[in-house]
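Thanks for coming. I will go through one structure today, and I will keep to what can be read from the coordinates.

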Amino acid sequence: MPDSEAGGVFSGFDPARVPSPCYVIDLVKLEENLRILARIAAEAEVEVLLALKAFSCFAVADLIGAYLQGTAASGLWEAKLGRTRFKGAVHTFAPGLKPDHLGEIEDLSDHLIFNSAGQWSRYRDLVSVDGRCAYGLRINPRHSEAETPLYDPCAPWSRLGVPPGQIREDGLAGISGFHLHALCDQGFAPFDRLLSATERTFGEHFGAIDWINLGGGQLLTAGDYPVADLIKRLRSFRTDTGLRTYLEPGTAVALNAGALVTEVLDTGWNEGHFAVVDCSATCHMPDVIEAPYTPEVLGGETISQAGAAEAEDPGVLRLGGPTCLAGDVIGTYRFENGPAVGDRLMVLDQAYYTMVKASTFNGTPLPAIALWDRHGDTVRIVKQFGYETFESRLS
Ligand SMILES: Cc1ncc(COP(=O)(O)O)c(C=O)c1O
């Protein structure tokens, strides 16, 4: 029996039911996550938006819209996706806002957040003042909690948001809210510290604004997340400040709700046993290489340090993708049986930051997308990609 939450979700799924490779979303797990987020929204009296950058599979937009208040977009195209394919409000923040996108973003968005005081001062005379879109400023409380600089918007020299002490008295004219984001896959304690740091560094301006967006980066739907503590903290923050408050999780929405089905194409030995599969770390789950981390594979024990003993063990297999990149490695795993050529495997927890980042490097096909209803045990393949997707992006 798999020990992870995602493993528990997918242990009943037969990967032969979908084409390979294929991202499979379990609607039951997705809805469980959404219920937790809806409880946070209701009990803390905050609004929760899906960060589209993490997960924007609009085949599940109705389900998401039944629980969340809208979407958070990273620029014009996500704002358009949020407005046309999803439900609820659209809040847009783009670190590099282009002048020719401004009008359309404003039409699509309920909130438009500027990244710097300079950007706001350049745009403030260009924005429409019809009151349909509210304007905000991203702040950077310079409080680092993220473990690696790659995911730390508060690291020195960060371009993300206005640091403390740089907002001039007249700089907030026309601005009705603040936005911040400074966490990555973290729990309540880092959030609590971040919020306290924000109160310390930007609290003097809270009287001049109406709302604050506290970003994402929390594993709100993980089994061990103390939801009640968060609700209490947010309630007291709201009582103290009177600010309308938003959260914009991405990962937490789809946490453990997806798996990437893959098929073994070849096996071999080179100082250790390996298998080539038809999904790729670099094309289909780039965070495996960028973060980096080793995803779980159903039925495989993850080996973090493979030495001579593991190399000799016929049950230990290093899985790698079908591309030319030597480092296109998913991980090393100990299996009880096989897997052999033609077997199907499931790489777990692959819904977020996967479909949205997937590429066709080496002409690697994009995985299909399927929805699985674990309770009804129905599978619906909602998307398959052909050669034309690859070709159409090249000229
Ligand atoms: C501004 C902003 N909001 C929300 C998120 C979503 O974060 P997560 O998916 O970790 O919850 C991110 C992630 O990078 C972000 O940059």
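**Strands, salt bridges and a cavity**

I start at Gly307, which sits in the loop between β12 (300-302) and α12 (308-312). Before going further, please keep in mind that this is a predicted model. Is Gly307 buried, exposed or partly exposed? Its relative accessibility is 32%, so Gly307 counts as partly exposed. Along the sequence, Gly307 and Gly272 are 35 residues apart; in space, their C-alpha atoms are 9.3 Å apart.

That brings me to the strands. β12, just before this loop, runs antiparallel to β14, and three bridges join the two. As an example from that pairing, Gly300 has Phe335 of β14 opposite. Strand β14 covers residues 329-335, and five of its seven residues are buried, which leaves the strand mostly covered.

What else pairs with β14? Strand β13, residues 316-320, does, in the antiparallel sense and over five bridges. Here Leu317 stands opposite Tyr333 in β14.

On to β13 and its pairing with β11. These two pair in the parallel sense, over three bridges. Val276 has Gly320 of β13 opposite.

β11 also has a partner in β10. Strand β10 (residues 258-269) and strand β11 (residues 273-277) run antiparallel and are joined by five bridges. Within that pairing, Val264 has Val277 of β11 as its bridge partner. The hairpin of β10 and β11 has three residues between the strands, and in it Glu271 takes a positive phi near 60°.

So much for the strands; now the charged pairs. How many salt bridges does a search of the whole structure find? The search returns 24. I will take three of them, and then one network.

The pair to begin with is Lys87 and Asp62, whose closest N and O atoms are 2.8 Å apart. Lys87 lies in the loop between α4 (76-85) and β4 (89-93), while Asp62 lies in helix α3 (residues 61-65), so this salt bridge ties together parts that are 25 residues apart in sequence. As for exposure, Lys87 has 43% relative accessibility and therefore counts as partly exposed. Asp62, with 56%, counts as exposed, because the cut-off for that class is over 50%.

Next is Asp107 with Arg132, another salt bridge, where the closest N and O atoms are 3.3 Å apart. Asp107 belongs to helix α5 (residues 102-108) and Arg132 to the loop between α6 (117-123) and β6 (134-138), so here too the pair ties together parts that are 25 residues apart in sequence. Both Asp107 and Arg132 are exposed.

The last of the three joins Glu199 and Arg233, with 2.9 Å between the closest N and O atoms. This pair links distant parts of the chain, 34 residues apart: Glu199 is in helix α7 (residues 188-202) and Arg233 is in helix α8 (residues 227-241). Why is Arg233 classed as buried? Its relative accessible area is 13%, and buried means under 20%, so Arg233 falls in that class. Glu199, at 25% relative accessibility, counts as partly exposed.

Then the network. Glu5, Asp26, Lys29, Glu32 and Arg374 are joined into one network by salt bridges that share partners.

The remaining topic is empty space inside the model. Rolling a probe the size of a water molecule over the atoms shows where such space is left. How many cavities of 30 Å³ or more does the structure hold? It holds four. The largest cavity contains about 60 Å³ of space.

Which residues line the largest cavity? The lining consists of Lys53, Ala72, Ala73, His91, Thr92, Phe93, Ile113, His179 and Glu248. By class, these residues divide into four nonpolar, three polar and two charged. Two strands, β3 (70-73) and β4, each supply at least two residues of this lining. β4 gives the most, with three residues. This is the β4 mentioned earlier, where the loop that holds Lys87 lies between α4 and β4.

That is the end of my part. I am happy to go back to any of these places on the screen.

Methods. Residues are numbered from 1 along each chain as its sequence is written. This is a predicted model: local features need pLDDT of at least 70, side-chain atom pairs count only at pLDDT 80 or more; totals for chains, interfaces and linings use all residues. Side-chain values use heavy atoms; hydrogens and water are left out. A salt bridge is a side-chain nitrogen of Lys or Arg within 4 Å of a carboxyl oxygen of Asp or Glu. Helices (H or I, at least four residues) and strands (E, at least two) are DSSP runs, numbered from the N terminus. Buried means under 20% relative accessible area, exposed over 50%, partly exposed in between (1.4 Å probe, protein chains only). On a 1 Å grid over the protein atoms alone, a cavity is a set of points where a 1.4 Å probe fits but cannot get out, and a pocket is an open set with protein on both sides within 12 Å along at least five of seven lines; lining residues have an atom within 4 Å of a point. Grid points are joined across faces, edges and corners, and a volume is the space filled by probe spheres set on the points. Ala, Val, Leu, Ile, Met, Phe, Trp, Tyr, Cys and Pro count as nonpolar, Asp, Glu, Lys and Arg as charged, and the others, Gly among them, as polar. Two strands pair if DSSP finds at least two bridges between them.
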